[in-house]
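Reader: Could you walk me through reading a fold, one feature at a time?

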Amino acid sequence: MTTRLLTTLLVAIGTPSSLAQVDTTSIITGTATQYNGAGYPNVCFTDPNRYGVGHVAMNGPRWDNGAWCGAWVEITGAAGTVTVPVLDVCPECGQNNLDLDPTAWSGAVGGLPGIEPISWRWVSAPSNIITGPLVFEAANGSNPFFLEVTPIDAINPVSTLEILVNGVYQTMTRQTNFRFQYSNTQLTEPLTIRATDIFGNEVITSGLTISQMLNEQAASGNFPAIPSNDIVIENAASTTLSAGGNQDFGLSIDGNASSLTFTVKNLGTSTLTGLAVTIGGINSVDFSVTTQPATSLAPSSTTTFTVAFASTTQGTRIAGLQLANSSPIPSLSPYNLDLTGLALSSTTDTDNDNLNDAAEALLSDLGFNWQSSQPDLVNTLFNNANTAGLFTAPQLQALALGQPVISKTNNSFTLTLDAKKSTNLIDFTDFDLTPHSTSINNSGNLEIEFNTNDDTAFFQLLFQ
């Protein structure tokens with residue numbers, strides 16, 4: 001349990017807002033404590049329960065004079081993950097640590113208050129919570145000579161507020177309580193304010209008045225959210241492979257390669273650079289990048305890369321793919337995938353059931369398992385092959401004779417051809433040839449011309 005004095009939070013006057021630093025590129029590991037946030041007047045906004053999801057106080061070293069006010073953070077602890085706004089500061093909290101209100105604590109950490117480990121990162125405001133435009137709220141006592149405005153409901157943290165004075169935008173100074181102040185000259189209403197987020201996105205709003213802003217006045221729009229998946233990889237089936245997911249390459253039989261082409265999509269608002277694919281892991285030698293993606297990728301654009309899997313080492317092969325890129329989202333830069341493949345041989349019968357491993361893997365839909373002996377299933381396959389129009393190796397081998405076929409009488413040799421035909425490679429009947437159907441061509445080769453009306457026919461010539 002932490003306790004803070006309100007006066008600690010309100011006395012310091014801030015440095016220029018251009019120094020705001022909100023870390024958008026890191027997953028930060030720290031600890032969480034709990035405070036009764038509802039019991040204090042809120043630093044960033046008037047109402048700490050504005051969004052109904054709880055909130056969090058940023059640690060003093062990262063506070064940066066209110067730069068984190070209104071930012072949203074995703075916090076993961078023992079109880080789960082919550083996404084809540086930063087609405088306060090915890091001056092005594094150490095670097096990387098957060099102070100959670102009871103609602104945020106319950107969702108992320110759970111249990112009694114204490115000091116518990118968490119990880120957290122910045123995210124754009126959830127689209128189901130921030131559904132409308134940016135809102136400007138003027139502080140009580142504001143007037144044309146002294147104006148203080150708080151930007152509320154920003155999708156991304158506000159870096160600067162500027163007010164248009166005599167045709168020139170003047171920077172409003174951010175205070176530690178997240179009010180942006182201007183008091184240099186008398187203002188003439190209606191007012192025009194330009195809000196800029198930490199990514200340089202702008203919202204320019206005209207027609208503002210102090211009286212309306214005292215009760216919150218809507219801006220002309222809001223900032224674009226940075227997608228939580230600003231880069232995605234899809235496989236050949238157009239299925240998105242989540243970072244940390246798996247892609248199976250199927251079979252490599254007798255060392256033959258199987259290849260897959262992947263598509264990289266940039267869903268973000270800035271160009272991704274440094275794209276390159278590498279393969280690592282215990283069986284990385286079995287996977288290779290045959291085509292690299294483009295090195296840079298503009299918003300809404302795609303590029304492809306191809307990976308091949310080939311192995312003569314029997315069994316499951318495992319490797320890791322890494323797509324390096326400049327994504328601002330830590331979990332996607334780099335983008336990692338697990339790769340798997342199965343290498344089998346057509347000459348190896350691991351389970352000794354008279355069917356080779358590669359064939360059993362290819363027939364797995366029929367119940368075959370290359371690692372499990374299934375002689376009954378194998379016998380069923382061979383016994384019914386002829387019915388399915390298939391033929392066994394012994395049947396094909398029976399077509400070849402293993403004895404001399406030319407007889408010698410004195411100095412004369414006689415070659416006798418006995419022609420037979422079959423439709424099943426089992427039962428052969430005589431196939432009559434007539435004298436006029438045989439001839440010797442100009443190359444001295446014997447030619448036999450014949451016709452058959454059978455849909456399926458095999459012919460056997462026996463040399464006697």
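Author: Let's go from the whole chain to sheets, then cores, then single residues.

Author: First, some ground rules: this is a predicted model, where local features need pLDDT of at least 70 and side-chain atom pairs count only at pLDDT 80 or more, while totals for chains, interfaces and linings use all residues. Residues are numbered from 1 along each chain as its sequence is written, and side-chain values use heavy atoms, with hydrogens and water left out.

Reader: How many helices and strands does the protein have?

Author: Helices (H or I, at least four residues) and strands (E, at least two) are DSSP runs, numbered from the N terminus. Here that gives seven helices and 33 strands. Of the 464 residues, 42% are buried, where buried means under 20% relative accessible area, exposed over 50% and partly exposed in between (1.4 Å probe, protein chains only).

Reader: Now the sheets. What is the strand order in the closed barrel?

Author: The general idea is that strands of a sheet pair through backbone hydrogen bonds, either parallel or antiparallel. Two strands count as paired if DSSP finds at least two bridges between them. The closed barrel has six strands in the order E1-E5-E2-E4-E3-E6, and its pairing is mixed. From one strand to the next, the twist averages 45°; axes are lines fitted to C-alpha atoms, for helices over the stretch in contact, and angles run from 0 to 180 degrees between N-to-C directions. Take one pair: strand E3 (residues 72-77) and E6 are antiparallel, with five bridges, and Glu74 sits opposite Arg121 in E6.

Reader: And which strands are at the edges of the open sheet?

Author: That sheet has four strands, ordered E10-E9-E13-E14 with antiparallel pairing. Its edges are strand E10 (168-171) and strand E14 (202-208), each of which pairs on one side only. Neighbouring strands are turned by 30° against each other on average, direction ignored. Strand E13 (residues 191-197) joins E14 through five bridges in the antiparallel sense, and Ile193 is opposite Thr205 in E14.

Reader: Next up, cores. Which residues touch the most other members of the largest nonpolar core?

Author: In soluble globular proteins, nonpolar side chains tend to be buried together. A nonpolar core here is a set of buried Ala, Val, Leu, Ile, Met, Phe, Trp, Tyr and Cys residues joined through side-chain atoms within 4.5 Å. The largest one holds 62 residues, and Ile75, Leu100, Phe136 and Leu147 touch the most other members. Strand E4 (residues 80-90) supplies the largest share, five residues. A second, separate core of 24 residues includes Phe249, Val277, Leu323 and Ala343.

Reader: Let's try single residues. Is Gln34 buried or exposed?

Author: Gln34 counts as buried because its relative accessibility is 10%. Gln34 lies in strand E1 (residues 28-34), and its C-alpha atom is 4.7 Å from that of Leu100, 66 residues apart along the chain.

Reader: Why does Ser127 count as exposed?

Author: Because its relative accessible area is 64%. Ser127 belongs to the loop between strand E6 (116-123) and strand E7 (135-138).

Reader: Last one: which side chain does the side chain of Thr340 make a polar contact with?

Author: Asp248, at 3.2 Å. A polar contact is a pair of N or O atoms within 3.5 Å; within protein, one must be able to donate a hydrogen and the other to accept it, and residues adjacent in sequence count only if both atoms are side-chain atoms. Thr340 is in strand E26 (residues 335-344) and is buried, with a relative accessible area of 18%.
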